[in-house]
Amino acid sequence: DRFLFALCDGMGSGERAGEKSETTISLIENFYKAGFDNDIILSSVNKLLNLERDDVFSTIDVCVVDLKNGIADFVKMGSPPSLIRQEDGCVFVGGGALPVGVLQEAKASTQKAVLREKDMIVLCSDGISDAFASDNEFKDFVLSIKSANPQEFSDKILERALAGNNGYAVDDMTCLVIKIFQA
């Protein structure tokens, strides 16, 4: 009855950052499958990764949608704000908190949102959000997108982010767009 989607961005680049992201997202997925709640999951994953004592960390951006009541839980550690594009506007969701594994007792930033049919949820890595001069510029661009197709929506955001960096990805650039609809 719940749908989870997530982005995990290893700090830096290359194999070590990729491995850290893969480990982090795998742990999160397994804890969710086991039925634990958000606080226990992020606290446990954070403590496990802190034990590694290395200097490679990951940001976590998780959205869990309850398919029965349309309420989404956004859970973030070190990730940029997410956006919910609604028919009548755009809402920022969360941000802040330290990346996972930095401190043994780090706390995730959590926020709930009520979703409506046709809402588009946008999660992106800092490579995307940093390509815009400000959060408001990013929000204005998202509001200007006319597509109702999540893939086209995501492609337009990525194209604009690349254009803001003269066509180059100066950091990992990931954009995930989910559209809400009733079955």
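A residue is called buried when its relative accessible area is under 20%. The model described here is a predicted one, and this report considers two of its helices, its cysteines, its internal spaces and one backbone feature.

**Cysteines**

Cys124 has a relative accessibility of 2% and therefore counts as buried. Cys63, at 0% relative accessibility, is buried as well. A disulfide requires two cysteine sulfur atoms within 2.5 Å of each other, and a search of the whole structure finds zero such bonds. For Cys63, the closest cysteine sulfur belongs to Cys124 and is 13 Å away, which is too far for a bond. Cys124 is likewise in no disulfide, its nearest cysteine sulfur being that of Cys175 at 5.8 Å.

**Helices α1 and α2**

Helix α1 comprises the 19 residues from 15 to 33. At 1.5 Å a residue it should span 27 Å, and its end C-alpha atoms are indeed 27 Å apart, so the expected and computed spans agree. Its buried residues are Ala17, Lys20, Ser21, Thr24, Ile28, Phe31 and Tyr32. Viewed down the helix axis, these buried residues fall within an arc of 105 degrees and therefore line one face of α1. An α-helix has 3.6 residues a turn, so residues three or four places apart point the same way. On the other side of α1, Glu15, Glu22 and Lys33 are exposed. The cover over the buried residues of α1 includes strands β1 (2–10), β2 (58–66) and β3 (71–77), together with helix α2 (38–50). After α1 comes Gly35, which has a positive phi near 95 degrees.

Helix α2 has 13 residues, and the distance from its first C-alpha to its last is 18 Å, close to the 18 Å expected at 1.5 Å a residue. Asn38, Ile41, Leu42, Val45, Asn46, Leu49 and Asn50 are the buried residues of α2. Around the axis they cover an arc of only 150 degrees, which means that they are on the same side of α2. These buried residues of α2 pack against α1, β2 and β3.

The table sets out the values for the two helices.

| Helix | End-to-end C-alpha distance | Arc of buried residues |
|---|---|---|
| α1 | 27 Å | 105 degrees |
| α2 | 18 Å | 150 degrees |

**Pocket and cavity**

The largest pocket has a volume of about 320 Å³. Its lining consists of 17 residues, and Val65, Leu67, Gly70, Ile180 and Phe181 are those that lie nearest its centre. Strands β1, β2 and β8 (175–179) are the elements that give two or more residues to this lining.

The structure also holds one cavity of 30 Å³ or more. About 50 Å³ of space lies in the largest cavity. Its lining is formed by Leu7, Asp9, Thr59, Asp61, Gly78, Ser79, Pro80, Cys124, Ser125 and Asp126. The elements contributing two or more residues to the lining of this cavity are β1 and β2. Cys124, described above as buried, is thus one of the residues that line the largest cavity.

**A positive phi at Lys118**

Most residues other than glycine have a negative phi. Lys118 is not a glycine, yet its phi is positive, at about 80 degrees. This residue lies in the loop between β6 (109–114) and β7 (120–124). With a relative accessibility of 47%, Lys118 counts as partly exposed, a class that runs between the 20% limit for buried and the 50% limit for exposed residues.

Key
Residues are numbered from 1 along each chain as its sequence is written. This is a predicted model: local features need pLDDT of at least 70, side-chain atom pairs count only at pLDDT 80 or more; totals for chains, interfaces and linings use all residues. Side-chain values use heavy atoms; hydrogens and water are left out. Helices (H or I, at least four residues) and strands (E, at least two) are DSSP runs, numbered from the N terminus. The expected span of a helix is 1.5 Å times one less than its number of residues. Buried means under 20% relative accessible area, exposed over 50%, partly exposed in between (1.4 Å probe, protein chains only). The arc is that of the directions from the helix axis to the C-beta atoms. Contact means heavy atoms within 4.5 Å. On a 1 Å grid over the protein atoms alone, a cavity is a set of points where a 1.4 Å probe fits but cannot get out, and a pocket is an open set with protein on both sides within 12 Å along at least five of seven lines; lining residues have an atom within 4 Å of a point. Grid points are joined across faces, edges and corners, and a volume is the space filled by probe spheres set on the points.
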